[in-house]
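Hello,

Here is the structure you asked to look at. My notes follow below it.

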Amino acid sequence: MHVTVIGTGYLGATHAACLAQLGHQVLGLDTDAHKVAALNSGTPPFFEPGLPELLRRNLAAGRLQFTTDYALAARYANVHFLAVGTPQRPGSYAADVSFLHAAIRALAPHLRGHHVIVGKSTVPVGTAQALQELADTLAAPTATIELAWNPEFLREGHAVADSLRPDRIVLGVQACPAAVLSQHPAPEAAKPAKQQPGPSADRGSFAEPAPPSLAEAALRDIYAQALAQGTAFLVTDLQTAELVKVSANAFLATKISFINAVSEICEATGADVVALSQALGLDQRIGPHFLGAGLGFGGGCLPKDIRAFMARAGELGVDQALTFLREVDAINQRRRQRVVDLAREACGGAVRGHRIAMLGCAFKPNSDDVRDSPALAVAGALALAGAQVAVYDPQGMANAAQEYPTLEYADCAASALRGAHLVILATEWQEFCDLDPHAAAGWVACPQLIDARNALPVPAWQAAGWTVRALGRTLD
Ligand code: UDX
């Protein structure tokens, strides 16, 4: 298949490279010429394990290229994925969907014939329908445009594997004009497939299955390999597909804040949240994932998605349904303050004049993304309180330096730790988990540690002479 991917950030660049890896001809489009030049030279403008190799292999094979030219994109393919950002609007909880509108405005007038535009970005429910209406007003008389929504669930740091082997594919479609369908009969694969198990494999859970849309036929071709391997494929209406994504992220955020709320109780009672979380996770109904108590969630998705979800619920007049997410957000913010408080305590009541080493500034390991990074928020608060903060992160420092230019950035963990009165493990990179606590004790002025991710082998650090504090645990 020929496809385009509009927007080449963390999501779009990975999606484009993975579609090319699946054998499709892919044109990535971005309005940022520097980003396009970097991608065409095989260098992603961000860190994502495995992506540079995938990019180079597919550029060399002639299956992948990047452009800024919308007219070219319109001629290149009949299927266009939208992967532009939907950040939080300044001064509001709501998502800014203007980049999606801009993409449709730029693309739609160039289209001729039948085209499918498939949104992948995380959006407030109702966005796809609004984009369909916008596309219809801009379409040439000889064009038909079908909007569909195929939310992306990839995690940064695991993006390539998540894209190539998703655990489900969700597609929101709307009824397709019969005239268009008759000109584009659905391929065999678009019919409910008997060999694919369960209600997830077809549209059969709906009482009166509609004929497959063009989008469904196209996506069944594009994702044929995953479908052949039995990946669940759920076809829904547009609004359900939009809601699946925000609900998934809201659920994950809630699970993290749940364990972090329990962490606060552990701190008040002397209980141990790590042992508690392990015991909870062994219940198959609960499961062990996203029960990691610590500094909480950050990044470009979870924080802004729960806020946008609340804002949309308010617009729909059902804000009470999601008021609990306000608490999820508040619990998450309190963990950052708790680390600042623990640092103050470790520094004898005030951090002013103390040298503090921050291990990690990316919002999570295996990423250079510092958007809403809990680590960076703590570093910034400590610096504001007068501490001399030395940050080291294997990948995140260039991005961090743009947001917090006055922090000190060390070139390795050892130089960040040198002379420190306190060390804070804020992002659990493997490199930090593997540090030798004896060697580290020799670098610092005072062997004090806050394990803000509950990631380090505490007994080994204590045995090497460190005083260790952690979230949700009382350590002697
Ligand atoms: C998330 C969703 O997981 C993904 O499906 C969606 O497509 C985009 O948003 P991502 O933001 O890449 O992905 O990171 P994720 O792995 O979900 O972690 C989010 C945050 O939660 C990180 O800051 C992480 O440190 C934190 N986290 C995660 C915890 O604090 N505890 C946990 O147990 C798990």
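**Ligand site**

Helix 11 (residues 238-269) gives the largest share of the shell around the ligand, with four residues. Bear in mind that this is a predicted model.

In total, 20 residues surround the ligand. The closest are Phe-153, Leu-154, Glu-156, Gly-292 and Lys-364. By class, the shell has ten nonpolar, four polar and six charged residues.

Which backbone atoms approach ligand oxygens? A polar backbone atom of Phe-153 is 2.7 Å from an oxygen atom of the ligand. For Phe-363, a backbone N or O atom lies 3.0 Å from a ligand oxygen. For Gly-296, a backbone N or O atom is 3.5 Å from an oxygen atom of the ligand. On its own, the ligand has 670 Å² of accessible area, and the protein covers 90% of that.

**Nonpolar cores**

The largest nonpolar core has 53 residues. Which of them touch the most other members? They are Met-358, Leu-382, Ile-424 and Trp-466.

Take Met-358 as an example. Neighbours within four places in sequence are left aside here. Met-358 then contacts Ala-375, Val-378, Ala-379, Leu-382 and Val-389. Its contacts also include Ala-390, Val-391, Tyr-392, Ile-424 and Ala-426. Leu-382 and Ile-424 thus appear twice: as contacts of Met-358, and beside Met-358 in the list of residues that touch the most other core members.

Apart from this core lies another, of 42 residues. Among them are Ala-17, Phe-46, Ile-169 and Ala-215.

**Thr-8**

Thr-8 is in the loop between strand 1 (2-6) and helix 1 (10-21). Is Thr-8 buried or exposed? Its relative accessible area is 0%, so Thr-8 is buried. With neighbours within four places in sequence left aside, Thr-8 contacts Ala-13, Gly-28, Leu-29 and Asp-30. Lys-35, Leu-39, Phe-46 and Phe-66 are also in contact with Thr-8. One of these, Phe-46, belongs to the core of 42 residues.

**Around helix 2**

Helix 2 covers residues 33-40. At its start, a side-chain oxygen of Asp-32 reaches to within 2.9 Å of the backbone nitrogen of His-34. Just after helix 2, Gly-42 takes a positive phi of about 85°.

**Positive phi outside glycine**

Two residues to check when you look at the backbone:

- Phe-290 has a phi near 60°, a positive value in a residue other than glycine. Phe-290 sits in the loop between helix 12 (273-281) and helix 13 (302-315). Its relative accessible area is 34%, so Phe-290 is partly exposed.
- Asn-454 has a phi near 45°, again positive and in a residue other than glycine. Asn-454 sits in the loop between strand 13 (448-451) and helix 20 (458-463). Its relative accessibility is 19%, and buried means under 20%, so Asn-454 counts as buried.

**Gly-230**

Where is Gly-230 found? It is in the loop between helix 10 (224-228) and strand 8 (232-237). Gly-230 has a relative accessible area of 40%, so it is partly exposed. From C-alpha to C-alpha, Gly-230 and Pro-52 are 28 Å apart in space. In sequence, Gly-230 and Pro-52 are 178 residues apart.

Regards

Notes
Residues numbered from 1 in each chain as written. Predicted model: local features only at pLDDT ≥ 70, side-chain atom pairs only at ≥ 80, totals over all residues. Heavy atoms only, no water. Core = buried A, V, L, I, M, F, W, Y, C linked by side-chain atoms within 4.5 Å. Buried < 20%, exposed > 50% of the residue type's maximum accessible area, 1.4 Å probe, protein only. Contact = heavy atoms within 4.5 Å. Near = heavy atom within 4 Å. Polar contact = N/O pair within 3.5 Å; in protein donor to acceptor, adjacent residues only side chain to side chain. Areas by Shrake-Rupley, 256 points an atom, 1.4 Å probe, with all protein chains shown as cover. Nonpolar A, V, L, I, M, F, W, Y, C, P; charged D, E, K, R; others polar.
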